[in-house]
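Q: Could you take a close look at one part of this structure for me? I would like to follow a single strand and see what surrounds it.

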Amino acid sequence: MSGFDGWLPQATRYDSPNFDARPGPVPADITLLVVHNISLPGGQFGGPHVSDLLTGRMDYNADPSFADLRGLKVSSHFFIRRDGRVMQYVSANDRAWHAGRSCFRGREKCNDFSIGVELEGSDFVAFEAAQYAALADLTVALRRHYPLTDIQGHEHIAPGRKTDPGPLFDWECYQNLLKKEAMLVAASAELGLLIGLP
């Protein structure tokens, strides 16, 4: 695992200034994958605004709904478009600012030990098959470099504050794809992932 810089070659790279160093040892402390959804404006897909937000280049006057985002400094390691294209904004070795106030298994500040993946979507629209496939591929690729033991939705680590990836995210579909992907690279038992179902 040593020597990996945290950038995956299969993802298109867009560097974000919104990150800092992880407090724990890398890669040993990176054990959690967090799944989110995002769309800007809400429910609209395909535009540049998510990337602009994650890279600190947001035009807050582009839409009235963006006013509440003014001054917000956020990022995610990865963003998966509706067609399955994967973008990366922060090295997975570094801490992206995606989870906010959060707690998992008694440990707060999930950004410290997690990798964040944003899916282009909302709580009210089903996700695309290409997104599930890309997420499964990404998860398996990350597992080659990090000891990921758990996968959770943002709603699971920040209950009452966040709802994503939402009720239309198909955890069973994702889990089944993960198993298939794992069989291509190793025995499924070696993956050892515990997926947090709602």
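The answer below starts from one strand and works outward to its surroundings.

Q: Which residues of strand E3 are buried on one side and which on the other, and which strands pair with E3?

A: Happy to walk through it with you. Please keep in mind that this is a predicted model. Strand E3 covers residues 32–38, and 7 of its 7 residues are buried, so the strand is largely enclosed by the rest of the structure. In a regular strand, side chains alternate between the two faces of the sheet. For E3, one side carries Leu 32, Val 34, His 36 and Ile 38, while the other carries Leu 33, Val 35 and Asn 37. Both of these faces are covered.

Now for the partners. E3 runs parallel to strand E9 (residues 114–120), and 7 bridges join the two. Within that pairing, Val 35 has Val 117 as its bridge partner. E3 also pairs with strand E10 (residues 150–153), again in the parallel sense, over 4 bridges. Here Val 34 is matched with Gln 152.

Next comes the packing. In soluble globular proteins, nonpolar side chains tend to be buried together. The largest nonpolar core in this model has 29 residues, and Phe 78, Ile 115, Leu 142, Phe 169 and Tyr 174 touch the most other members. E3, E4, E9, helix H2 (129–143) and helix H4 (171–185) each supply at least two residues of this core, with H2 giving the largest share, 8 residues. Phe 169 is a handy place to see how it reaches the strand: among its contacts beyond four places in sequence are Val 35 of the strand we began with, Leu 119, Phe 127 and Tyr 174.

Two residues of E3 also lead us to a histidine. His 98 sits in the loop between strand E6 (95–96) and strand E7 (103–104), and it is in contact with Val 34 and His 36, as well as with residues including His 77, Ser 114, Ile 115 and His 154. With a relative accessible area of 7%, His 98 is buried. Its side chain makes a polar contact of 3.1 Å with the side chain of Ser 114.

From E6 we can move on to charged pairs. Arg 95 forms a salt bridge with Asp 20, their closest N and O atoms being 2.6 Å apart. Asp 20 lies in strand E2 (residues 19–20) and Arg 95 in E6, so this pair ties together parts that are 75 residues apart in sequence. Arg 95 also meets Asp 112 in a salt bridge, at 2.5 Å from N to O; Asp 112 is in the loop between strand E8 (107–108) and E9. Asp 20, Arg 95 and Asp 112 are thus linked in a network of salt bridges. Arg 95 is buried at 18% relative accessible area and Asp 112 is buried at 13%, whereas Asp 20 is partly exposed at 26%.

One last stop takes us back to E9. The backbone oxygen of Glu 120 lies 3.0 Å from a polar atom of the Arg 82 side chain. Arg 82 belongs to the loop between strand E4 (78–80) and strand E5 (86–88), and its side chain meets that of Glu 128 in a salt bridge of 3.5 Å, N to O. Arg 82 is buried at 14%, while Glu 128 is partly exposed at 37%.

Conventions: Residues numbered from 1 in each chain as written. Predicted model: local features only at pLDDT ≥ 70, side-chain atom pairs only at ≥ 80, totals over all residues. Heavy atoms only, no water. Polar contact = N/O pair within 3.5 Å; in protein donor to acceptor, adjacent residues only side chain to side chain. Buried < 20%, exposed > 50% of the residue type's maximum accessible area, 1.4 Å probe, protein only. Pairing = 2+ DSSP bridges. Core = buried A, V, L, I, M, F, W, Y, C linked by side-chain atoms within 4.5 Å. Contact = heavy atoms within 4.5 Å. Salt bridge = Lys/Arg side-chain N within 4 Å of Asp/Glu carboxyl O.
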